[in-house]
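Here is a short report on cysteines and charged pairs. Look at the structure first, then read on.

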Amino acid sequence: MRSTGSRLLLLIVAVPLLLAGIADKKPALKVGDLSLPKGFKSITVADTIPGAARHLAVSSSGDIYVKLRFPDKAGGNAALRDTNGDGRADIIQKFADYEDKGTYGTAMRIYNGYLYFSSETNIFRIKLDSSSLIPQGEPELIIHDTGGRHEHDAKPIAFDDAGHIYVPFGAASNACQEKNRVPGSPGIKNCPLLDSAGGIWQFDANKLNQTPKDGVRYATGLRSVVAMAWNHANQCLYVVAHGRDDLHMLFPKQFNAWQSAVLPAEEFLQVKPGTNAGWPYYYYDPYKKQLMLNPEYGGNGIKKGDGAKFTQPIMAFPAHWAPNDLLFYKGNQFPSRYRNGAFIAFHGSTNRSPYPQAGYCIAFVPFKNGKPSGPWELFADGFTGKQTILSPSEATYRPMGLAEAPDGSLVISDTEKGRVWRVNFAGNKASFGPANLQAMLQRKRTLYKDPNPITDDNSRAMLSPGASLYRKYCISCHQPDGKGDGNLFPPLAGSEWVVGGPYGDKRMAIQTLLKGLQGPVTVKGHSYNSVMPSFSQLSDKEIAEVLTYIRSKFGNNASMVTAEEVKNTRKRIR
């Protein structure tokens with residue numbers, strides 16, 4: 001039994017330690033609070049913008065203009081104003097109605113007193129008015145995409161200092177296959193898509209009513225670009241390009257599911273006149289650090305082909321993270337190490353299944369003399385609300401757009417609810433150093449590492465024939481929970497294409513698998529514009545099994561599908 005003196009000594013030592021622990025303990029982060037390097041803080045400018053958000057821009061007066069993900073008759077854009085200086089938007093007002101109301105209108109940039117923005121097939125501008133939050137007058141058409149709506153038709157824009165506007169035209173394909181996204185289908189030699197897409201075109205920023213033939217092809221070999229910016233420090237264009245998808249689903253003999261989850265890299269590229277990044281013939285392997293021949297053109301994960309002849313990335317990011325905006329920081333509010341460096345918004349992956357999804361963050365890349373001067377850093381995360389994401393529908397927020405405010409703060413938008421954050425630096429710039437970055441470096445090491453091939457495989461419980469087929473052919477697009485990604489790929493949960501349709505029975509679902517779908521299609525009130533290939537190569541029994549699984553999972557409660565029903569439908573649609 002301890003003496004009174006020893007108990008008193010214990011209290012003298014323990015109480016201060018206990019109080020210190022209480023004082024040091026920080027309150028738990030709420031969903032939507034951002035994790036940032038020490039000295040930075042974030043405030044919420046707007047909790048929710050009706051119509052959600054894609055890219056955004058900030059005027060010289062501090063007003064924020066947002067491209068809406070879901071335009072309506074009230075307008076395709078939103079204007080935000082803080083009238084009392086508390087950092088929050090007191091006014092949120094839609095404006096600029098236009099036709100072509102798809103969900104992939106992307107651009108929102110200010111150039112020479114005009115607000116430029118895009119729909120899926122058009123780029124508009126409207127004159128800003130210093131006396132009014134809402135630009136006055138009708139939008140002017142700058143460029144019209146005569147190719148029409150299709151997959152990968154987001155249209156970001158960038159401006160140089162010589163009066164040019166740069167526009168990517170995404171290719172309506174995964175890898176220029178003869179039959180798009182059909183397993184085993186070979187690639188087309190001398191891919192014809194590159195004649196009018198799969199690259200970046202340069203136009204006159206001030207000329208009205210242009211079409212692609214009025215532009216100059218500036219770069220090629222780029223399947224899909226959403227993150228693009230002109231770096232004024234060295235007068236050069238940069239992009240972070242989306243890599244191809246579905247190596248395992250399309251070529252299961254050459255690539256396993258883990259390889260498909262971690263390949264290929266998202267490529268950070270310096271783009272000069274004549275750049276050729278190698279698509280659709282090559283993909284970038286971040287482990288081998290070289291371009292590899294795509295399986296559509298005879299590749300097997302080992303063959304290099306002539307990949308060394310094409311433009312190589314200046315940095316590689318993990319596969320499928322979906323880089324959706326790029327910003328070179330020009331301000332002085334942040335510590336000097338951030339000046340002229342690149343911020344990249346990663347929307348987060350959709351097709352790393354059966355492994356957890358990844359990304360959903362803001363990265364920073366330090367720059368010197370026009371090239372990265374160090375490894376990429378995790379600048380902001382906490383968007384998803386949870387550490388492990390099996391399907392993008394689980395993410396509370398997904399970062400999309402970046403803009404620099406006149407005071408040097410960084411503004412970030414979200415596509416799921418239309419939330420907008422402003423990030424400020426509130427610490428001591430003179431003493432900013434490695435200690436400020438340590439916590440985010442540790443988060444990067446622990447939360448942003450490659451999945452373990454065995455323990456992180458979430459398909460091990462999918463043992464039934466229908467579940468196994470779903471894992472092999474469907475999970476990368478429609479996700480483990482059947483909710484799709486909310487962007488490219490539609491939900492199966494409660495979908496009229498799965499449990500009903502104009503026939504009031506299961507024939508619609510059977511026919512969809514046999515014939516495939518070419519967008520746009522409307523599912524549960526939303527438009528989706530990706531491509532679903534035909535799965536007619538599957539047997540009647542296999543189609544029945546996977547449809548029975550889908551119609552009985554994800555909250556669906558529809559009747560089973562038999563092989564005989566598939567056989568009869570197959571005969572009818574021939």
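Glu416 is partly exposed, with a relative accessible area of 26%. Partly exposed is the range between buried (under 20% relative accessible area) and exposed (over 50%), computed with a 1.4 Å probe on protein chains only. This is a predicted model: local features need pLDDT of at least 70, side-chain atom pairs count only at pLDDT 80 or more, and totals for chains, interfaces and linings use all residues. Residues are numbered from 1 along each chain as its sequence is written, and side-chain values use heavy atoms, with hydrogens and water left out.

**Salt bridges**

Glu416 pairs with Arg69 in a salt bridge. The term covers a side-chain nitrogen of Lys or Arg within 4 Å of a carboxyl oxygen of Asp or Glu. Glu416 sits in the loop between strand E28 (410–414) and strand E29 (420–425), and Arg69 in strand E3 (residues 64–72), so the bridge ties together parts 347 residues apart in sequence. Helices (H or I, at least four residues) and strands (E, at least two) are DSSP runs, numbered from the N terminus. Arg69 is buried, at 3% relative accessible area.

How many salt bridges does the rule give? The count comes to 23. Three of them are listed here.

| Pair | Closest N to O distance |
|---|---|
| Glu416 and Arg69 | 3.3 Å |
| Glu394 and Lys386 | 3.4 Å |
| Lys541 and Glu545 | 2.6 Å |

Glu394 is partly exposed, with a relative accessible area of 26%. Its partner Lys386 is also partly exposed, at 41%. Lys541 is exposed, at 52%. Lys541 and Glu545 both lie in helix H9 (residues 540–552). They are 4 residues apart, so about one helical turn separates them. Salt bridges also link Asp47, Arg88 and Arg419 in a network. Side chains of opposite charge can pair when their charged atoms come close.

**Cysteines**

The structure holds 1 disulfide, meaning a pair of cysteine sulfur atoms within 2.5 Å. Cys176 and Cys191 form it, with their sulfur atoms 2.1 Å apart. Both cysteines are in the loop between strand E11 (164–169) and strand E12 (199–204), 15 residues apart. The link is right-handed, with 95° about the S-S bond. Are Cys176 and Cys191 buried or exposed? Both are buried.

Why does Cys477 have no bond to Cys474? Cys474 holds the closest cysteine sulfur to that of Cys477, but the distance is 8.5 Å, too far for a bond. Cys477 counts as buried, at 13% relative accessibility. Cys236 is buried as well, with a relative accessible area of 8%.
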